[in-house]
Every structure is written in C-alpha cells, then in structure tokens.
Amino acid sequence: MSGVQIPAVPIVKFIYEVGFKKIVTRIITIASGKGGVGKTTVTVNLSHALYKLNKDVTIIDANLTSPNIYLHMNIPITPTTLHDAMKGKISIKEAVYLHYLGVKVIPASISLRDLKFKEKKNLTNLIVDLIGTSDFILIDAPPGLNEDTIDALDAGNELLVVTNPELPATVEALRVIEFTRRNWAKNINVILNRYSGKSWELRPKHIESFLEAPIISIIPEDENVKKAIVKRIPVVEAYPESKAASAFMKLAEKLLGIRRVKVRKESAISRILRFLGLAR
Ligand SMILES: Nc1ncnc2c1ncn2[C@@H]1O[C@H](COP(=O)(O)OP(=O)(O)O)[C@@H](O)[C@H]1O
Ligand SMILES: [Mg+2]
C-alpha cells in the first residue's frame, strides 16, 4: 500500500484506515459454555494451522483469571501483558510477543496482583489498534458468560463455540450461542472437540439441531493432543501426521474457503474402461 495517497478528508481517511483494515483482519472469538472443553487447544492449533497456510495470525489470551496459552506454547513470563493494556499502562501493540514458531501472541498476566483493576479498558476498544496488523486475530475467551467473556464475545466479528459430545458442555454451549444471537449478528459456527463416536456420545447431527448452528469441524479425541501439551508445542507442529492435527488443518482450510482436491478412488479396471470410453 506504500505510495498510495490517503485523502485528507476525515471521513474518507477513517473509512480507508479502519474500514479497509477491517476487511483484511478477521477477528474470531473462541468461546464455550463449559470450561475445559478445548478452547485454548483450538485457539493455539488453529492459529498455527493458519500460519502454515501463510496467514499472519495474532492470538489473544483473554482468559484474564486463568490464562493458559503460555503453557500450551511455552511462552516465558513477558514484561508486558493484556492486563497492562487493560489498565491503560501500555497500548495493546506493546503487549505483542512474537513466538518462535511465527504466531504473535498477546499473553495475559499470571500474577495474582494483576487481577485487581481500578479502571478496565474493554478488549473491544483495545483491539481496534490491532486491526490491520495481521490477517486473523483469534481470541481465547474465558468460559461461561461472565463480564470478561462478554467483552471477548463483543470484540470478535465471528464466533467459534467449542463443545464436547456430552450433554453439560452442549447445553452450556447453547447459552453462549443464544446470548450472542440476541446481542450481535455474528457468524456462529461450532467445533465439536474430543469426539470419538462412542455409543454414549451425542451425535454431531443431534448437536447441530439442538444448537441450531453448523458444526464446522470435528476434532477427534487424540492422545497426541495431550502429548503435545506436555511438550508445550501445538499438536499441528509436534505431531503433524496425527488425526487431531489433520482436523485442525482442515478447519483452517475451511475458514479460508480452500477446497481440497478430491482424489477419486477407483479401481484400475474402471480407470481403463473410462480411458477407453467404455464407462463414465
Ligand atoms: N482433541 C483432544 N483430544 C484429547 N485431549 C484433548 C483434546 N482437546 C483437549 N484435550 C484435553 O483437554 C484439556 C483441556 O483443554 P483446554 O484447551 O485447556 O480447554 P479450555 O481452554 O476450554 O479450558 C487439555 O489439557 C487436554 O488434556
Ligand atoms: Mg483455556
């Protein structure tokens, strides 16, 4: 964009600077009703999957009371955090940490002292400064529907709700989806995590009809996810051949609207017949 003259008329300048940037940055909140269903796992792995597809990604640990991203990605205690930006001590850009694998991270503080706020800036307002700095901003929200979650839901323009194939997680997911529907018109999709198809698990079709929202991705129950967390490396990097990694890559491709080339499986004989024009 260098060399382009931005008109001095304020409204045109605003549309150019904010409106245009909004088009190029997708802000996706990753939320859930119940805790422990896999929000952080999804945020971390989806960000790396998008990065592998050449996208510039920033992730925000918006779980202010129980931040977890640093554990999944082996991030050291950083001198600046989201808490500092919310306290108005720094701009949010100053809290960006460039991870060695390429994804940018805005970590939250793990210090108990930082939990007290005299004044708290909204993530929604802070995030404006990040628009245009990457292709995707992924927000790892706290569970449930507390004040911090609502701020995280407000800040995104797309929502991915993570659930497990169990009743409590799915019922709680509905509350988040309904709340979002009532307050904002957002693109809402569901991620079914830890699915293994066991007889006692809820079926994807039932979950979709109950939530009235499409399941965009099914991430299987996969022990490689746990092994990767022990290594503190995202599973898409640590075990790229695993089923979970492949599901995360597919999810990233889906978000980008990339269609996989379907490899037709057919026997040699039918291929020969087709080649000879004797079959279709
Ligand atoms: N697809 C999966 N397969 C196996 N275990 C998983 C999977 N996804 C998550 N887990 C396990 O669930 C735990 C909680 O996941 P996490 O992403 O921290 O949840 P949340 O952020 O929603 O609290 C992880 O530490 C991991 O052990
Ligand atoms: Mg988490």
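## Strand 1 and its surroundings in a predicted model

Tutor: Arg26, Ile28 and Ile30 point one way from strand 1, while Ile27, Thr29 and Ala31 point the other way, and all of them are buried. Please keep in mind as we go that this is a predicted model.

Student: Why is strand 1 largely enclosed by the rest of the structure?

Tutor: In a regular strand the side chains alternate between the two faces of the sheet. In strand 1, Arg26, Ile28 and Ile30 lie on one side and Ile27, Thr29 and Ala31 on the other, and all are buried. Strand 1 is therefore largely enclosed because, of its six residues, the number that are buried is six.

Student: Which strands are joined to strand 1 by bridges?

Tutor: Strands of a sheet pair through backbone hydrogen bonds, either parallel or antiparallel. Five bridges join strand 1 to strand 5 in parallel, and Ile27 stands opposite Ile137 there. Another four bridges join strand 1 to a strand that also runs parallel to it, where Ile28 has Glu158 as its bridge partner. The strands asked for are strand 5 and strand 6.

Student: In what order do the eight strands form the open sheet?

Tutor: Strand 2 (residues 57-61) is joined to strand 5 (residues 136-140) by five bridges, and the two run parallel, with Ile59 standing opposite Leu138. The edge strands, each of which pairs on one side only, are strand 3 (97-98) and strand 8 (215-220). The pairing in the sheet is mixed, and the order is 3-4-2-5-1-6-7-8.

Student: Which helix lies across strand 1, strand 5 and strand 6?

Tutor: The protein has twelve helices to choose from, alongside its eight strands. The one in question covers residues 147-155 and runs at about 150° to strand 1 (26-31), and it is helix 6.

Student: How far apart are the axes of helix 7 and helix 8 where they pack?

Tutor: Two packed helices are described by the angle between their axes and the distance between the axes. Thr170, Ala173, Leu174 and Ile177 in helix 7 meet Ile207, Phe210 and Leu211 in helix 8, and by class this contact has six nonpolar, one polar and no charged residues. The crossing is right-handed. The angle between helix 7 (residues 167-183) and helix 8 (residues 204-211) is about 35°, and their axes are apart by 10 Å.

Student: Is Val44 buried or exposed?

Tutor: Val44 has its place in helix 2 and, leaving aside its neighbours within four places in sequence, is in contact with Ile69, His72, Met73 and Pro234. Although Val44 and His72 are 28 residues apart in sequence, they are 7.4 Å apart in space, C-alpha to C-alpha. A residue needs 20 or more other C-beta atoms within 10 Å to be called buried. Because Val44 has 31 C-beta neighbours inside 10 Å, it counts as buried.

Student: Which residues come nearest to ligand 1?

Tutor: Helix 2 (39-52), strand 7 (187-195) and helix 9 (223-231) each supply at least two residues of the shell around ligand 1. By class, the residues of this shell divide into five nonpolar, eight polar and five charged. Of the 18 residues around ligand 1, those that come nearest are Gly38, Lys39, Thr40, Thr41 and Val225.

Terms used. Residues are numbered from 1 along each chain as its sequence is written. Chains are lettered from A and ligands numbered from 1 in the order in which they are written. This is a predicted model: local features need pLDDT of at least 70, side-chain atom pairs count only at pLDDT 80 or more; totals for chains, interfaces and linings use all residues. Two strands pair if DSSP finds at least two bridges between them. Two residues are in contact if their C-beta atoms, placed from the backbone, lie within 7 Å. Axes are lines fitted to C-alpha atoms, for helices over the stretch in contact, and angles run from 0 to 180 degrees between N-to-C directions. A residue is near a molecule or strand if its C-beta atom, placed from the backbone, lies within 6 Å of it. Ala, Val, Leu, Ile, Met, Phe, Trp, Tyr, Cys and Pro count as nonpolar, Asp, Glu, Lys and Arg as charged, and the others, Gly among them, as polar. A crossing is left-handed if the near helix is turned anticlockwise from the far one by less than a right angle, and right-handed if clockwise. A residue is buried if 20 or more other C-beta atoms lie within 10 Å of its own, exposed if 12 or fewer, and partly exposed in between; C-beta atoms are placed from the backbone.
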